[in-house]
Amino acid sequence: MLLLNEKDIRTVFDMNDAIDSNIYAYKIFSSGNAVVPLRQVLAADEGRGNFAFMPAYSSKLGAAGIKIVNIFPGNRERGEATTIGQVLLMDDKNGEIIALMDGSFITKFRTGAASGAAFRLFARKDAKVGCLIGTGGQADCQLEAMLAACDLDEVRIVARDFDKTEKFVAEMSERFKDNGAKLVAYNDANEAVDGADVIVVVTVATKPVFDAKRVKKGAVVSGVGSYTAEMNEIDPELFKMADRIYFDSKDACIAESADIQIPLREGIVTEADLTGDIGEFALGEIAGRESDDEIIIFKNVGLGILDLVIAKLIYDKAKDSKVGVHWN
């Protein structure tokens, strides 16, 4: 079994690779070449967090996998990681467990790449201003993906605690100093959203964090944070404004996320208004952006197939490059 940590993964795989991996995974999912059950989530007592189990299998890849990821938002106050996990990769020829990988890193890496895939496929070609709402454990890879997918001049970053936002901006400005985009800390989400071409929302909010009316025509909004019926970060009115609404999995999002459950329940949109899955677009089965004025939403809750595909591609590269530690 090959053991791979974040450093090992970064050695053989970059964000553009991760975006490519996600687009490939979405195609596999939408073509029916994968078995991807809905995640199983167990809640810890007293609302401390969730234990999530995400299996997937694809004969096309010759592999199965399962990610165990535990999300405990309160850990941040103690200076501990809020997302803790591991990915197991298995060979479908004999059932051998061939790799164990840092699931915490893979989670935020491929989750960032999900937004990156949406921006690569749907953003206007002249997109210059980004907006990132949230500075938690997922935020750095969301920013990395935004910068990889679009040639941005500026990214506005906003969260509940302005002091933490400024610290995050300082750290990320140093990390991505060679990119050329200016990172700016904002204290008001509506001001940060106003005029942005690509927007990522990655919070644990239970109420919308910005006013839909502030979203400009032509913007793409990636909703990342809400993955339960209690979490709602996107203003339901944005779904009425949107010209196209894509999902990683429409069925999974409707089953899990208040972001889409609320607009459907309140009659703001119907299922007929939902465009479809991003993989269907990548396969050429449904239309994409048709004008620069279209507002596009990409709602994603995360799929086990993303973990499986990226884990298999990372494993193949690491094995070829002799990266990682073998454990017998």
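Which residues gather in a patch of positive charge on the surface? In this predicted model, the patch brings together R76, R160, K164 and K167. One of these, R160, sits in the loop that runs between β8 (154-158) and α5 (162-175). R160 is exposed, at a relative accessible area of 77%.

Turning to the sheet, 7 strands make up an open arrangement with mixed pairing, in the order β2-β3-β4-β5-β6-β1-β15. Its edges are β2 (40-43) and β15 (325-326), each of which pairs on one side only. Within this order, β5 has β4 and β6 as its neighbours. Strand β4 (residues 63-71) runs antiparallel to β5, and 9 bridges join the two; here I71 stands opposite T83 of β5. On the other side, β5 (residues 83-91) and β6 (residues 97-102) are also antiparallel, this time with 5 bridges between them. L88 has L100 of β6 as its bridge partner, and L89 stands opposite A99 in β6. The hairpin of β5 and β6 leaves 5 residues between the strands, and G95 takes a positive phi near 80° there.

The two faces of β5 are not treated alike: T83, G85, V87, L89 and D91 make up the covered face, while I84, Q86, L88 and M90 make up the uncovered one. That every-other-residue pattern fits the general picture, because side chains in a regular strand alternate between the two faces of the sheet. So L89, which stands opposite A99, belongs to the covered face, and L88, which is bridged to L100, belongs to the uncovered face.

Two loop residues other than glycine also have a positive phi. E46, with a phi of about 60°, is found in the loop between β2 and β3 (50-58), and E46 is exposed at 74% relative accessible area. K322 has a phi near 60° and lies in the loop between α11 (304-321) and β15; K322 is exposed too, with a relative accessible area of 75%. Both loops thus lead to or from an edge strand of the sheet, β2 in one case and β15 in the other, as the edge strands are β2 and β15.

Helix α4 (residues 139-149) is mostly covered, with 9 of its 11 residues buried. Charged residues are part of that buried set, including D140 and E144. What do these two acids pair with? E144 forms a salt bridge with R10, the closest N and O atoms being 2.8 Å apart. Because E144 lies in α4 and R10 in helix α1 (residues 6-12), this pair ties together parts that are 134 residues apart in sequence. E144 is buried at a relative accessible area of 12%, whereas R10 is partly exposed at 27%. As for D140, its side chain meets that of K108 in a salt bridge (3.1 Å, N to O). This one links helix α3 (residues 103-122), where K108 lies, to α4, 32 residues apart, and both partners are buried. Through shared partners, salt bridges join R10, K108, D140, E144 and R175 into one network.

The whole structure holds 23 salt bridges. Another of them is formed by the side chains of D17 and K317 (3.6 Å, N to O). D17 lies in helix α2 (residues 15-30) and K317 in helix α11, so the pair ties together parts 300 residues apart in sequence. D17 counts as partly exposed at 21% relative accessibility, and K317 likewise counts as partly exposed at 35%.

Key
Residues numbered from 1 in each chain as written. Predicted model: local features only at pLDDT ≥ 70, side-chain atom pairs only at ≥ 80, totals over all residues. Heavy atoms only, no water. Patch = residues over 30% accessible without salt bridge, like charges linked within 9 Å, V, L, I, M, F, W, Y side chains within 5 Å. Areas by Shrake-Rupley, 256 points an atom, 1.4 Å probe, with all protein chains shown as cover. Salt bridge = Lys/Arg side-chain N within 4 Å of Asp/Glu carboxyl O. Lys, Arg positive; Asp, Glu negative; His and termini not counted. Charge placed at Lys NZ, Arg CZ, Asp CG, Glu CD. Helix = DSSP H or I, 4+ residues; strand = E, 2+ residues; numbered from the N terminus. Buried < 20%, exposed > 50% of the residue type's maximum accessible area, 1.4 Å probe, protein only. Pairing = 2+ DSSP bridges.
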